[in-house]
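Q: I would like to learn how to read a chain-to-chain contact and a helix in a model. Can we take them one by one?

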Protein chains: 2
Amino acid sequence: LRFLSSEQALADYAVLVRHVKDTFNAEESPVIAFGGSYAGMLAAWFRMKYPHLVDGAIAASAPLLAFEGQDVDAESYARITTFVGTSAAGAAPNCVSNIRKAQDIIAKWGTTAAGRAQLMPTLGLCSAPPSQEAAIVISDNFMEAFPTLAEANYPYATTYFGDMPAFPYRVACDYLRNDFTDDDVALLRGFRAAVGVALDSSDDSVQCFDWNATSPLEDQGLFMYLWCTELYMLYMDRDGQRDFFRPRTHNITADSETCRATWGVELRPQWAQTVYGGLDAIKASSNIVFSNGNFDPWGGYGVWDSLSDSIVAVSIDQGAHHLDLMFNHDNDPVSVRQARAVELREIRKWVQARKDRYM
Amino acid sequence: LRFLSSEQALADYAVLVRHVKDTFNAEESPVIAFGGSYAGMLAAWFRMKYPHLVDGAIAASAPLLAFEGQDVDAESYARITTFVGTSAAGAAPNCVSNIRKAQDIIAKWGTTAAGRAQLMPTLGLCSAPPSQEAAIVISDNFMEAFPTLAEANYPYATTYFGDMPAFPYRVACDYLRNDFTDDDVALLRGFRAAVGVALDSSDDSVQCFDWNATSPLEDQGLFMYLWCTELYMLYMDRDGQRDFFRPRTHNITADSETCRATWGVELRPQWAQTVYGGLDAIKASSNIVFSNGNFDPWGGYGVWDSLSDSIVAVSIDQGAHHLDLMFNHDNDPVSVRQARAVELREIRKWVQARKDRYM
């Protein structure tokens with residue numbers, strides 16, 4: 001686990017690039033880094049830290065301004081997630097308000113044994129929650145479907161985030177388009193169906209949601225180890241007003257305890273900013289394209305403005321999480337075609353610059 | 001020992017700068033890195049890798065092009081060392097030829113027991129060498145005084161490299177200014193006296209040269225550990241024609257074995273170039289002044305040409321190892337005053353640029 005660090009990843013890339021160049025006598029060949037999300041951060045950082053090995057980088061949906069020391073809006077992830085459920089983003093008009101209502105109903109039913117018993121069939125749980133607290137945990141778990149639906153909100157069916165239809169968030173919201181006045185059961189069933197869009201519901205063997213299951217360690221996410229040791233990203237705050245989640249604010253003390261308990265490591269909230277330097281360091285670099293989509297919850301932590309002739313930002317209207325790195329598709333919006341054209345133009349410049357050095 | 005690496009040193013600086021800025025609420029304050037020799041490499045690399053933490057760097061006599069992958073002249077260290085003993089560098093005319101002759105005489109005397117016995121008083125050894133091989137090892141040890149004399153060849157007395165007079169190399173060569181035809185003893189005494197200039201001869205307790213002494217581990221130089229693990233600098237080759245040393249060429253296999261035997265580590269000849277990237281990486285950076293002196297054996301591995309508006313090279317005629325980082329002195333040549341003026345001008349630019357960002 002001590003080798004699991006972003007610096008080690010970058011050093012591995014460096015050794016690999018040198019090895020490939022040496023092995024194939026390819027010193028003059030240009031190298032371009034591509035990556036989306038965490039890999040988009042790595043692509044940008046690789047260019048920033050190893051400009052001699054990589055001629056340029058495409059950093060798609062890379063949340064590299066999510067760290068303390070930047071002007072971070074820790075609630076933007078939740079706010080964008082909520083936005084993708086609105087009619088402005090093409091979803092059914094009642095979706096957001098019904099999602100809020102569903103959570104209230106679950107909390108209310110959770111107060112009584114009868115209510116909790118009824119949650120089981122209504123939400124398709126494998127067993128009834130034993131307390132209101134448990135009911136709310138289940139509700140929160142369900143809510144985590146919506147960031148996924150937003151990130152995966154591609155204009156065509158994909159399996160990238162599990163088996164998803166085209167515009168999965170819209171499909172989910174379609175289950176919540178009604179008014180549901182006085183029909184809490186129907187609302188909760190719609191909520192459950194919406195969440196199910198993200199739960200890979202095509203798997204017929206899954207008959208109920210086993211909220212009580214303990215997941216194996218790797219499912220707890222090795223990313224959390226990175227989050228503890230290096231990449232303490234501030235993206236999980238919610239105010240409950242401008243987003244449809246239950247309010248929460250990150251707590252360094254509590255997060256430190258979790259990191260110690262789970263991995264036996266110390267939380268290092270300042271590390272990423274110290275090593276990678278956020279906007280200041282990006283400005284000192286060159287030959288990077290930062291792309292971001294407005295359907296992507298991570299977009300709140302990316303670079304949206306060009307910072308120089310060779311630090312170019314491109315925004316993708318209707319873009320989900322690194323849509324530009326997916327294959328071309330007939331359903332692609334014009335915005336992503338244009339973004340790819342910008343990326344191609346920049347890559348051509350970087351390649352030409354390298355060729356010029358050997359002429 | 002696992003913490004002894006240049007990357008760790010840079011990361012330590014990074015954490016220190018952040019800590020100081022946070023503690024003293026000094027986010028807006030500019031930070032300038034200074035360093036000579038290895039520290040000059042670190043200063044440049046710190047700016048290259050952490051441009052968000054340091055606004056510029058003065059890298060004096062920094063041999064950061066001494067690595068495979070660059071166009072390295074591995075003999076330049078020996079050649080410059082020899083040059084500083086010539087009249088072109090202000091030394092007595094016969095100095096270089098007498099140094100060559102002295103080595104030949106030692107090798108010749110080494111072939112007979114009588115000759116080896118006579119080496120003891122003539123060279124001021126604590127005991128006579130038991131073989132010709134031992135005599136040559138002693139001769140080689142003595143020869144290592146000259147790189148030190150060259151590096152330390154400041155125009156005034158210093159204690160930086162031990163207790164040295166002004167222009168110590170010239171003082172050493174003054175012992176070798178005669179013709180010494182047919183007077184090998186006088187020549188060897190002159191050689192010993194010249195070498196003695198570098199041996200801190202002011203210490204009256206040292207009566208003889210104890211060539212047989214084993215030095216403690218730290219005297220073997222922790223730098224060699226760095227040289228093995230990261231900084232395999234190609235500076236020790238000699239051709240014996242354009243320099244006055246016995247010929248030798250570096251041998252990766254032999255060096256690997258030495259590193260394994262001494263420190264239990266693997267030699268990594270490609271590492272520095274992979275991580276720090278030589279000229280290519282420097283070109284991608286900004287706000288660095290590289291200074292070099294032509295009296296400095298390390299000058300063969302430095303940056304002598306400006307690479308951009310903000311990567312500025314400055315050469316110091318008669319400059320020994322990072323002369324510009326010493327305090328001002330009446331004996332300073334005009335060249336070093338000019339170099340410092342350039343450095344000051346660049347630093348002012350860097351400071352102004354940072355101030356402009358907070359106006």
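Q: How many residues does each chain give to the contact between chain B and chain A?

A: Keep in mind that this is a predicted model. Chain A gives 20 residues to the contact, and chain B gives 20 residues.

Q: What area do chain B and chain A bury between them?

A: The buried area is about 1,600 Å², with 58% of it on carbon and sulfur atoms.

Q: How many salt bridges and polar contacts cross between the chains?

A: A salt bridge is read from a distance: a Lys or Arg side-chain nitrogen within 4 Å of an Asp or Glu carboxyl oxygen. The interface of chain B and chain A has 2 salt bridges by this rule. In one of them, R357(B) pairs with D280(A), and their closest N and O atoms are 2.9 Å apart. Polar contacts join 7 residue pairs between the two chains, counting pairs with both residues at pLDDT 80 or more.

Q: Which element gives the largest share of chain B's side?

A: That is α12(B), with 5 residues. By residue type, the side of chain B that touches chain A holds 12 nonpolar, 4 polar and 4 charged residues.

Q: Now a helix. Which residues of α5 in chain A are buried?

A: Buried means under 20% relative accessible area. In α5(A), residues 113-123, the buried ones are G115(A), R116(A), L119(A), T122(A) and L123(A). Viewed down the helix axis they fall within an arc of 120°, so they line one face of α5(A). These buried residues pack against α4, α6 and α9 of chain A.

Q: Which exposed residues does the face turned away carry?

A: A113(A) and A114(A) are the exposed residues on that face of α5(A).

Q: What follows α5(A)?

A: G124(A) follows the helix, and its phi is positive, near 65°.

Definitions and conventions. Residues numbered from 1 in each chain as written. Chains lettered and ligands numbered in written order. Predicted model: local features only at pLDDT ≥ 70, side-chain atom pairs only at ≥ 80, totals over all residues. Heavy atoms only, no water. Contact = heavy atoms within 4.5 Å. Buried area = accessible area lost by both parts, 1.4 Å probe. Polar contact = N/O pair within 3.5 Å; in protein donor to acceptor, adjacent residues only side chain to side chain. Helix = DSSP H or I, 4+ residues; strand = E, 2+ residues; numbered from the N terminus. Nonpolar A, V, L, I, M, F, W, Y, C, P; charged D, E, K, R; others polar. Buried < 20%, exposed > 50% of the residue type's maximum accessible area, 1.4 Å probe, protein only. Arc of directions from axis to C-beta.
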